[in-house]
Amino acid sequence: MSMAEVFCYPAHMGLSLLHAFAFGLPVITSDRIDGHGPEIEAFVDHTNGLFYRHGDVDDLASKVLAVLADAGLRRQLGDNATQTVREVYTVKQMVKGMVEAIEAVTPMVSP
């Protein structure tokens with residue numbers, strides 16, 4: 001991934017999304033949200049990547065070519081991808097969410 005310019009994952013993407021973001025790669029993937037894993041929550045169209053119309057090979061190709069041809073767009077999407085994993089989808093946030101989930105289902109115990 002360190003040599004790539006863009007990360008294209010046509011469908012059924014999962015944790016690879018966050019891996020690509022950690023490398024600062026803009027992501028291109030299907031707009032069929034229900035076909036992806038829960039990590040798709042981190043994806044924001046035209047912010048850290050681009051959706052293409054599911055099943056439309058020509059649209060997929062045009063999105064890949066657009067990102068490869070436009071260094072400014074590629075840099076903006078890539079920078080936003082990096083920001084997504086550095087500020088939003090962090091280990092600290094993951095631990096916080098886990099603690100909150102445990103506390104939500106654990107009965108309060110008084111000393």
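In which sense do strand β2 and β3 pair, and over how many bridges? Let me take that as the way into this structure, which is a predicted model, and say that strand β2, residues 27-30, pairs with β3 in the parallel sense, over four bridges.

Widening the view from that pair, we find an open sheet formed by three strands in the order β1-β2-β3, with parallel pairing. The edge strands, each of which pairs on one side only, are β1, residues 7-9, and β3, residues 49-52. If we ignore direction, neighbouring strands of this sheet are turned against each other by 15° on average. As general background, the strands of a sheet pair through backbone hydrogen bonds, in either a parallel or an antiparallel way.

Turning to the other pairing, β1 and β2 run parallel and are joined by three bridges. If you would like to follow individual residues on the screen, please start at Tyr9, whose bridge partner in β2 is Thr29, and then continue from Thr29 to Phe51, which stands opposite Thr29 in β3. One further partnership to look at is that of Ser30, whose bridge partner in β3 is Tyr52.

Now to the helices around these strands. Helix α1, residues 16-22, makes a right-handed β-α-β unit together with β1 and β2, while helix α2, residues 57-69, lies across β1, β2 and β3 and runs at about 160° to β3.

My last topic is the largest pocket, for which the computed volume is about 190 Å³. Its lining consists of Leu18, Val85, Val88, Tyr89, Thr90, Val91, Gln93 and Met94. Which elements give two or more residues to that lining? They are α3, spanning 71-88, and α4, spanning 91-105, and of the elements α4 gives the most, with three residues. Sorted by class, the lining of the largest pocket has six nonpolar residues and two polar ones, whereas charged residues are absent from the lining.

To return to where I began, the pairing of β2 with β3 is parallel, as is the pairing of β1 with β2, and helix α2 lies across these three strands.

Conventions:
Residues numbered from 1 in each chain as written. Predicted model: local features only at pLDDT ≥ 70, side-chain atom pairs only at ≥ 80, totals over all residues. Heavy atoms only, no water. 1 Å grid on protein atoms, 1.4 Å probe; cavity = no way out; pocket = protein on both sides within 12 Å on 5 of 7 lines; lining within 4 Å. Points joined across faces, edges and corners; volume = space filled by probe spheres on them. Nonpolar A, V, L, I, M, F, W, Y, C, P; charged D, E, K, R; others polar. Pairing = 2+ DSSP bridges. Axes fitted to C-alpha atoms, helices over the stretch in contact; angles between N-to-C directions. Contact = heavy atoms within 4.5 Å. Right-handed = clockwise from strand over helix to strand, strands pointing away.
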